Amino acid sequence: MYHSIEAAVRDCFGDGVSVVRSDSIPGGDINRAYRMELSSGDWIFVKTNTIHNIRFFLTESKGLEALRSAGEVGVPHVFGAGTDRQRNVSFLAMEYIRSAPRIRTYWETFGHELAKLHRAECRSFTVSGENSGKYGFSEDNYIGASPQNNHPKDTWIDFYRECRLLPQIAMAERYFDPSVRKKAGRLLDHLGDYLREPEFPSLLHGDLWSGNMICGSDGKAWIIDPAVYVGDCEADLAMMQLFGNPPESFFAAYSEIIPIDRKGYRERRKLYDLYQLLNHLNLFGQMYLSSVVEILERYI
């Protein structure tokens, strides 16, 4: 954790290196983003928020490093996070990814890479103090601007019920009438009737919609802005389809490494959408209520 952006730059690039130019670029709804040129000729990408929101960046840094450690898919290198009191911001500094045209096999390549990520060893990521389990993460983080509970659990169904759906349903109760509350409660009680226990746990991006995938200088997909945890690989696939439309070639390539139970996945997919849509309801308001209710009524 650094006390300024310049301190992070000096530590990572050398004592004589400094920021010589800073350009504001699009950075999403939560943070401000900048492309900074260094005196060494290098470029870095820096996200900033209020000085009190440093935890956003500390947890994002840990998630990016976890994904990058698997070595299976493009993930930006993290240079450091910290607070810069001169600028009155918290920040996350990382590798600047230059864009290039997609390679011809962009989706097939990403299908293989994501499946390999989901197959990678991940047991070390679900140890939190004296607690451990098969699913969760070593610390809580964020899904968008919402806190995300990653307390480790031994079963996927317990984790998804207690750490994903239950907190979001509790936050969304102000939008629910008594009948919707009853349906939500029944779904939580009977979640094991609809979800599976996966064959193996997977390290997940956690927020893998199209806006969190970029094309790098190698012409392949790189993943950014994660909400990392260990879970069922189907949760990442569902998020890709909720706010995007990957082609069949992606799923075919993914299935060469992790066969997708197409029928079962179609039946479970909306339950994974429910978590994301509840979060959108809690963050952005009532426009997402009908989608949430539709999913509850689909299962209950």
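In this short talk I will go through the strands, cores, pockets and buried helix of the structure shown above.

This is a predicted model, in which local features need pLDDT of at least 70 and side-chain atom pairs count only at pLDDT 80 or more, while totals for chains, interfaces and linings use all residues. Residues are numbered from 1 along each chain as its sequence is written, and side-chain values use heavy atoms, with hydrogens and water left out.

Let me start with the strands. Helices and strands here are DSSP runs, numbered from the N terminus, with at least four residues (H or I) for a helix and at least two (E) for a strand, and two strands are said to pair if DSSP finds at least two bridges between them. Strand β1, residues 19-25, runs antiparallel to strand β2, residues 32-38, and 6 bridges join them; within this pairing, Ser-22 has Met-36 of β2 as its bridge partner. The two strands form a hairpin with 6 residues between them, and Gly-28 in the turn has a positive phi of about 90°. Strand β2 also pairs with β3 in the antiparallel sense, again over 6 bridges, and here Ala-33 has Lys-47 of β3 as its bridge partner. That second hairpin has 4 residues between the strands, and in it Gly-41 takes a positive phi near 95°.

One residue of β1 is worth a closer look, namely Ile-25. Is Ile-25 buried, exposed or partly exposed? Buried means under 20% relative accessible area, exposed means over 50%, and partly exposed lies in between, using a 1.4 Å probe and protein chains only; Ile-25 counts as partly exposed because its relative accessibility is 26%. If contact is taken as heavy atoms within 4.5 Å, then Ile-25 touches Ala-33, Tyr-34, Arg-35 and Phe-45, not counting residues up to four places away in sequence. From Ile-25 to Arg-35 the C-alpha separation is 6.7 Å, with the two 10 residues apart in sequence.

I turn next to the interior. In soluble globular proteins, nonpolar side chains tend to be buried together. A nonpolar core is a set of buried Ala, Val, Leu, Ile, Met, Phe, Trp, Tyr and Cys residues joined through side-chain atoms within 4.5 Å, and the largest one in this model has 77 residues, with Phe-110 and Leu-203 having the most contacts inside it. Leaving aside neighbours within four places in sequence, Leu-203 is in contact with residues that include Ala-66, Leu-117, Phe-125, Phe-137 and Val-228. There is also a second, separate core of 14 residues, and this one includes Tyr-2, Ala-8, Val-17 and Ile-44.

Helix α6, residues 234-242, is mostly covered, in that 7 of its 9 residues are buried. The buried residues of α6 pack against α3 (106-119), β10 (202-204), β11, β13 (229-231), α7 (248-255) and α8.

That brings me to the empty space. On a 1 Å grid over the protein atoms alone, a cavity is a set of points where a 1.4 Å probe fits but cannot get out, a pocket is an open set with protein on both sides within 12 Å along at least five of seven lines, and lining residues have an atom within 4 Å of a point. Grid points are joined across faces, edges and corners, and a volume is the space filled by probe spheres set on the points.

The largest pocket has a volume of about 1,100 Å³. Of the 43 residues that line it, Gly-27, Gly-28, Lys-47, Asn-212 and Asp-225 lie nearest its centre. Elements that each supply at least two residues to this lining include β3 (43-50), α2 (54-70) and α8 (262-284).

The second largest pocket has a volume of about 170 Å³. It is lined by 14 residues, and Arg-196, Phe-200, Cys-233, Ile-258 and Pro-259 are the closest to its centre.

How many cavities of 30 Å³ or more are there? The count comes to 1, and the largest cavity has a volume of about 70 Å³. Among the residues lining the largest cavity are Tyr-160, Ala-235, Asp-236, Met-239 and Tyr-272, and the elements that give two or more residues to this lining are α6 and α8.
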